[in-house]
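Please open the model in your viewer and keep the sequence panel beside it. The tour below moves from one selection to the next.

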Amino acid sequence: MQSSIVRVSLHQIEEFLNRASIQYELRNPRHLEDLKPANFLNKIEHGFYHVSSGYNGSLNGINNSVIITEKWLDTENVEILVEQAQLTHYKVLSLFEENIPHEIHPTAIIDKNAIIGKNVNIGAYSVIGDCVIEDNVNIQKHVILESKVIIKQGSFIDSNSCLGQKGLVWIWDKDGKRINQPQLGGVIIEEDVHLSTDVTIVRGSLSEYTRVGRGSVLAHGTKIGHGANIGKEVHMANNVSLAGNTKIGDRCYLGSGSVIPSNITLPRNTIVGASAMVTKNYQEEYCTLVGVPAKILYKENYNKKGRGTPTPFKD
């Protein structure tokens, strides 16, 4: 299955801004084709950049390009003046996304009872059990979905991720023998979720489902225990570990390598710093937690921009 990066013209960018009702002004307009997405880490010619108000770096080496900006830069490039440069840049970048055809690869193994929606992609060597996969779902190579997994519309699952595997729950009997509890629940991935590579989501243990809320993103290597309930628009960075029956509120951000033990609850809009371990429940929203064990670094985190973390959206 082949994919290609779309090349975009200045005219197409202007059309997008008009369709999206984004107010803008244009300086140095001219005919530019074959624009490519770009940032200041690797300056290229014919790039499409953005400059936010706090940027103090050099613009040298940027030629024949388009720059989204919040103030005029007095360069010879095409400059597009908008109110929020980064946000506008992110929106326009959708024009450059890879065109990935949706197909079921012939090497994929699919259970005869699986329900597959319309416009679904299933990559090479994936294994699909007795699942429900709704419309417009994109499953990449070497993904394993066990039975009782539901993937709702528009979700994306990257390579080598595994969903619906059995967790481990047990107790000792009077003779010191380990007695395992059967793992009989399922997994629900709600709409527009993004799961990166090597994500594992264990099934619920009995009647419950492990659930990932609408619009959430789980980065590479993240592991989710049985019965965890992840809210909407949550972001988990690389290698986050969630134990069983945790509850993560809407729009939380969990930093790389953070650990949430079993039965812990985090309220909406909590930020957990990288490598932190949260060992108790919290009730107050908009707190930033750091350290081992994690403690409140500051409250009302929507007023502060942490290093490498997003600023929470204030309702």
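## Salt bridges and a strand

In this predicted model, a search of the whole structure finds 8 salt bridges, and the stops below visit some of them along with a strand.

Begin by selecting K174 and D175, which form a salt bridge whose closest N and O atoms are 3.6 Å apart; both of these residues are exposed.

Next, select strand 21, residues 209-212, and display its side chains, which alternate along the strand: T210 and V212 point to one face and are buried, whereas Y209 and R211 point to the other and are not. Adding strand 18, residues 186-189, shows a parallel pairing with strand 21 over 4 bridges, in which I189 has V212 as its bridge partner. Then add strand 24, residues 229-230, which also pairs with strand 21 in the parallel sense, over 2 bridges; here R211 stands opposite N229.

Stay with R211 and add E190, since the side chains of R211 and E190 meet in a salt bridge at 2.9 Å, N to O. R211 belongs to strand 21 and E190 to the loop between strand 18 and strand 19, so the pair ties together parts that are 21 residues apart in sequence. R211 is partly exposed, with a relative accessible area of 26%, while E190, at 14%, counts as buried.

Finally, select K299 and E284, whose side chains meet in a salt bridge at 3.3 Å, N to O. K299 lies in strand 33 and E284 in the loop between strand 31 and strand 32, so this pair ties together parts that are 15 residues apart in sequence. K299 is partly exposed at 41% relative accessible area, and E284 counts as partly exposed at 40%.

Note on methods
Residues numbered from 1 in each chain as written. Predicted model: local features only at pLDDT ≥ 70, side-chain atom pairs only at ≥ 80, totals over all residues. Heavy atoms only, no water. Buried < 20%, exposed > 50% of the residue type's maximum accessible area, 1.4 Å probe, protein only. Pairing = 2+ DSSP bridges. Salt bridge = Lys/Arg side-chain N within 4 Å of Asp/Glu carboxyl O.
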